[in-house]
Number of protein chains: 2
Amino acid sequence: MAVCALVSKISQVSGRLCSKALCPANTAVRALSCTGSRSQLHRVKGAGVLTGQVDRFGGVTVNLADAGLPADISEGAFSRLLQDSLVQWKSEGKAAVWLRIPISLSRCAAASSTHGFTFHHAKHDHSVLALWLGEGKSRLPGFATHQVGVAGAVVDESTGKVLVVQDRNKTKNAWKFPGGLSEPGENIGATAIREVFEETGVRSEFRSLLSVRQQHNHPGAFGMSDMYVICRLGPLTYDINFCTQECLSCKWLDLADLATTGDTTPITARIARLLLYGLEQGFDKIDLTMEELPAVYSGMYYQLYHRQLPPTLKP
Amino acid sequence: MAVCALVSKISQVSGRLCSKALCPANTAVRALSCTGSRSQLHRVKGAGVLTGQVDRFGGVTVNLADAGLPADISEGAFSRLLQDSLVQWKSEGKAAVWLRIPISLSRCAAASSTHGFTFHHAKHDHSVLALWLGEGKSRLPGFATHQVGVAGAVVDESTGKVLVVQDRNKTKNAWKFPGGLSEPGENIGATAIREVFEETGVRSEFRSLLSVRQQHNHPGAFGMSDMYVICRLGPLTYDINFCTQECLSCKWLDLADLATTGDTTPITARIARLLLYGLEQGFDKIDLTMEELPAVYSGMYYQLYHRQLPPTLKP
């Protein structure tokens, strides 16, 4: 018998079974029957409950910014209101409760924790707490779990050299490809180009995706996992003007030297050998090329990387 | 002149310049001169300041669980304590302040926000807030930005068929590869194998990485970005016992049919063509193979995926 998970699933194209409705960050939330602090206070005295938007999985989302709570509601008063609300939600068979809490009302997070709520995530000016009311283990979707870093290997095909840097803040000053963290909403190739420019002053353009590395428990990742993507870039400029805050040094180095030197890292040496192979036999031997394809449900486009298909098999 | 970012950087092997010390989740934090609520209360009355661990970037981390605060400290009292602490940290030229706040003391998050602190992230029973005190734009590292999903294309080479499912919760019931979200600490191949089994009941083994897709503003990702990886798997069992909660249907389908049917998604059709090409010409044409390599600094191993090198270029 297959084990099932109701949500937290990715589908082939369109993503998780987790619906919009289960995701409070994307849901316009209204406290339906609650319009001001006066009515809320009345409830706090015992007559009312919090109301929120119900999703198709049976989850309820309450945005405390819209719930008409008094700005100075006490932890005790909110706790009683939440207690009464939970009694009602449980009697209605609700599967889960999401609370979106403005930072100014954070004392409500403490009150919620006494009823079993935990932080799902927090960003800037609000936190989101969740409580699973359904049977068995929580099937609520998790929050972002990974950082994505991108490095750019800028290869000058005319000389067989590649652009490398030494980090300023490392004890072992190994030669490496410049790179950094992908910003939210930024494409892989854009990250590589931006980071190469920021660190070295060299302008470049995207050619292909070469390699993916997965690492866990990265010390700089707050306990999250780390995806690291290495791109092949082509140089548009050649003059180096490196960032002295970040880099100790920067130069164009022969790929053959990088592949064999002891002053590098295992990944860099490996990718140098891969690039040498590409330089000698054709980059089509090592590249994953990128194409944009339409997303079925959202109407947007996304970027897909894989080995190039022969012309006869192209769509 | 290259634009620089002090932290939030990934290096080739060992990760970000962001040090452990800038990452409160990984730092054992001590309030050095503060041992109990009595001394803290004394401070609250004006004599003292919060103390924390200083990192090599000039950031201070204070863990409120260890700061000796009274459990019932008011927002006003904490705000005054923080105000005095900020005056001191600024006079000392500190670059940033991190506050790790237990959920039960969440009212301190509200108080902190009045001094410019914002949520960096929150997990389970605590939140982390940050305030940049240095010059210019904040150079503090961000939190996790991506979800990573993995699909498994289980190819039966003896029949040319591949295992596909129809999601239960989609309006368009396209045939797709089973898959789901990678859990923290889980390797890509392990996610693919687990998800295939959970959805279809078929046991499989990892063969290669085929494709990477990047998508932003995914409706189920809480505003985060989405990395989606497609793996090639080999079947170990063939009997289907699919999850009826998640799937409407599941079957072994001819790759040639999947490549041409209208009842699928653009990505699935594309990967079906890629797999057909591999089936006919050899999977070495389309595969990124995986190897484990040692991490230079941590002493751990990580998984690296790229095109296979010819034996002469192997290390």
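## A buried pair to start with

Are B:R232 and B:D287 buried or exposed? Both of these residues are buried. They also form a salt bridge, with 2.7 Å between the closest N and O atoms. B:R232 sits in strand β11 of chain B, while B:D287 belongs to the loop between α6 (266–281) and β13 (289–294) of chain B, so the salt bridge ties together parts that lie 55 residues apart in sequence. Please keep in mind as you read that this is a predicted model.

In chain A, residues with these numbers take part in a wider arrangement: A:R232 and A:D287 are linked with A:E157, A:E205 and A:R207 in a network of salt bridges. Over all chains, the structure holds 28 salt bridges.

## Chain A as a whole

Let us step back for a moment to the overall build of chain A. Its secondary structure comprises six helices and 14 strands. The chain has 315 residues, and 62% of them count as buried. About 11,600 Å² of chain A is exposed, with carbon and sulfur atoms supplying 50% of that area. Among contacts in chain A with a separation of 6 or more, 63% come from residues 24 or more positions apart.

The domain assignment divides chain A into domain 1, covering 53–132, and domain 2, covering 146–305. Taken over C-alpha atoms, the centres of domain 1 and domain 2 of chain A are separated by 43 Å.

## The five-stranded sheet of chain A

Chain A has an open sheet of five strands with mixed pairing, in the order β1-β2-β3-β5-β4. Its edge strands are β1 (53–54) and β4 (118–123) of chain A, each of which pairs on one side only. β4(A) runs antiparallel to β5 (residues 126–132) of chain A, and five bridges join the two. One specific pairing to look for is A:K123, whose bridge partner in β5(A) is A:H126.

A helix accompanies this sheet. Helix α2 (residues 75–91) of chain A lies across β2 (59–63), β3 (96–102) and β5 of chain A, and runs at about 150° to β3(A).

## Strand β6 of chain B

Now for a strand in chain B that repays a closer look. Why is strand β6 (residues 146–156) of chain B described as largely enclosed by the rest of the structure? The reason is that 11 of its 11 residues are buried. In a regular strand, side chains alternate between the two faces of the sheet. Both faces of β6(B) are covered: B:H146, B:V148, B:V150, B:G152, B:V154 and B:D156 are buried on one side, and B:Q147, B:G149, B:A151, B:A153 and B:V155 are buried on the other.

The pairing partners of β6(B) include β11 (residues 225–235) of chain B, which runs parallel to β6(B) and is joined to it by nine bridges. Here B:V150 has B:V229 of β11(B) as its bridge partner. With β9 (residues 179–181) of chain B, β6(B) pairs in the antiparallel sense over three bridges, and B:A151 is matched with B:G179. Pairing with β7 (residues 161–167) of chain B is also antiparallel, over two bridges, and B:V155 finds its bridge partner in B:V162. β6(B) and β7(B) form a hairpin with four residues between the strands, in which B:G160 takes a positive phi near 75°.

## More salt bridges in chain B

Side chains of opposite charge can pair when their charged atoms come close. B:D167 and B:K176 offer one case, with a salt bridge whose closest N and O atoms are 2.8 Å apart. Both B:D167 and B:K176 are buried.

Another salt bridge joins the side chains of B:R194 and B:E198, at 3.3 Å from N to O. These two are four residues apart in helix α4 (residues 188–200) of chain B, which means about one helical turn separates them. The cut-off for buried is under 20% relative accessible area, so B:R194 counts as buried at 19%, and B:E198 is buried at 13%.

## A partly exposed phenylalanine

Finally, consider A:F242, found in the loop between β11 (225–235) and β12 (247–254) of chain A. With a relative accessible area of 25%, A:F242 is partly exposed. Which residues does A:F242 contact, leaving aside its neighbours within four places in sequence? They are A:E199, A:T200, A:C247, A:L248, A:S249 and A:C250. The C-alpha atom of A:F242 is separated by 49 Å from that of A:S113, which is 129 residues apart from A:F242 along the chain.

Notes
Residues numbered from 1 in each chain as written. Chains lettered and ligands numbered in written order. Predicted model: local features only at pLDDT ≥ 70, side-chain atom pairs only at ≥ 80, totals over all residues. Heavy atoms only, no water. Pairing = 2+ DSSP bridges. Contact = heavy atoms within 4.5 Å. Axes fitted to C-alpha atoms, helices over the stretch in contact; angles between N-to-C directions. Buried < 20%, exposed > 50% of the residue type's maximum accessible area, 1.4 Å probe, protein only. Areas by Shrake-Rupley, 256 points an atom, 1.4 Å probe, with all protein chains shown as cover. Salt bridge = Lys/Arg side-chain N within 4 Å of Asp/Glu carboxyl O. Domains from an automatic or database assignment.
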